[in-house]
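Student: I have a structure open and would like to understand the labels people attach to its residues. Could we go through some of them together?

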Amino acid sequence: LRLVGSEMCIRDRYRIGAIIMVSICICNLGLYNEGKLACSWIILPCTEGRLQRLLWRIGINEVYEEWFICDSSSDLNCVNEVIGEHTSIHSLNRLAKRLRGMSKSELEMLEAVAEYESPRTADELLKLACNLDCYTIYPDVNTHEELGEYFLYELEAISVPEHLLPYFNAEAYGRDLSFSLDGLFTSAGFVEKIDEPRDIEY
């Protein structure tokens, strides 16, 4: 038994546009404990039949029944954060199916929302992916001053006489907003939660 495939081959063969959604390397736990390496990469989402063929190929049977995820790869940081040795492949498969149907802008928004919510499991991340409408992102807003200016000039949330604008403290206004809004500064901008994410049915 040997290592089947490599991460480089996976990336070259299965790259979806510019993003690899989810790829995992599954390893035979029993053989691993015996000092033998039997593992293979697979791109998700996949069919149940394809998964079973992979498990057979690495020697999963009535003797060796257990396996684990020994490596993983995704161009999405939020996906990498929720994958561990014992993460459910079925949960990852559901997540990958959702990600495959999302646009680039939706994936970027998911990364920002995940920074805000810090999901710990694939199912929690999937719930966020299905509830992006519960969040608003103010792009490139990374400081209190920028937040205050965005609400003043872009959203026109308050009215300030033009002759007083030079004296307006946008930073203080933005700091007050950050306390009153249910939000957080992320690498993509300020994320505000405007509603509670709904549970999803599998």
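**Reading the labels**

Tutor: Happily! Start on the surface, where D140, E145, E146 and E149 gather in a patch of negative charge. Keep in mind that this is a predicted model.

Student: What makes the charge of that patch negative?

Tutor: Asp and Glu count as negative, and the patch consists of D140, E145, E146 and E149.

Student: Why is D140 called exposed?

Tutor: Its relative accessible area is 61%, and exposed means over 50%, so D140 earns the word. You will find D140 in the loop between strand 4 (135–139) and helix 8 (144–154). D140 also has a positive phi of about 60°, although it is not a glycine.

Student: Where is E156, and how do you know whether it is buried or exposed?

Tutor: E156 sits in the loop between helix 8 and helix 9 (170–180). With 61% relative accessibility against a cut-off of over 50%, E156 is exposed. E156 has a positive phi too, of about 50°, and is not a glycine.

Student: Why is N131 called buried?

Tutor: Buried means under 20%, and N131 has a relative accessible area of 1%, so the label fits. N131 belongs to the loop between helix 7 (122–129) and strand 4.

Student: What makes the pair of N131 and R198 a polar contact?

Tutor: A polar atom of the N131 side chain lies 2.9 Å from the backbone nitrogen of R198, and the limit for such a contact is 3.5 Å.

Student: How do you know that E117 and K193 form a salt bridge?

Tutor: Their closest N and O atoms are 3.0 Å apart, and the cut-off is within 4 Å. This pair links distant parts of the chain, with E117 in helix 6 (residues 104–117) and K193 in strand 6 (residues 189–193), 76 residues apart.

Student: Why is K193 called buried and E117 partly exposed?

Tutor: K193 has 14% relative accessibility, which is under 20%, so K193 is buried. E117, at 28%, falls between 20% and 50%, so E117 is partly exposed.

Student: What makes R175 and E171 a salt bridge, and what separates them along the helix?

Tutor: The closest N and O atoms of R175 and E171 are 3.2 Å apart, again within 4 Å. Being four residues apart in helix 9, they are separated by about one helical turn.

Student: How many salt bridges does the structure hold?

Tutor: The structure holds seven.

Note on methods: Residues numbered from 1 in each chain as written. Predicted model: local features only at pLDDT ≥ 70, side-chain atom pairs only at ≥ 80, totals over all residues. Heavy atoms only, no water. Patch = residues over 30% accessible without salt bridge, like charges linked within 9 Å, V, L, I, M, F, W, Y side chains within 5 Å. Areas by Shrake-Rupley, 256 points an atom, 1.4 Å probe, with all protein chains shown as cover. Salt bridge = Lys/Arg side-chain N within 4 Å of Asp/Glu carboxyl O. Charge placed at Lys NZ, Arg CZ, Asp CG, Glu CD. Helix = DSSP H or I, 4+ residues; strand = E, 2+ residues; numbered from the N terminus. Buried < 20%, exposed > 50% of the residue type's maximum accessible area, 1.4 Å probe, protein only. Polar contact = N/O pair within 3.5 Å; in protein donor to acceptor, adjacent residues only side chain to side chain.
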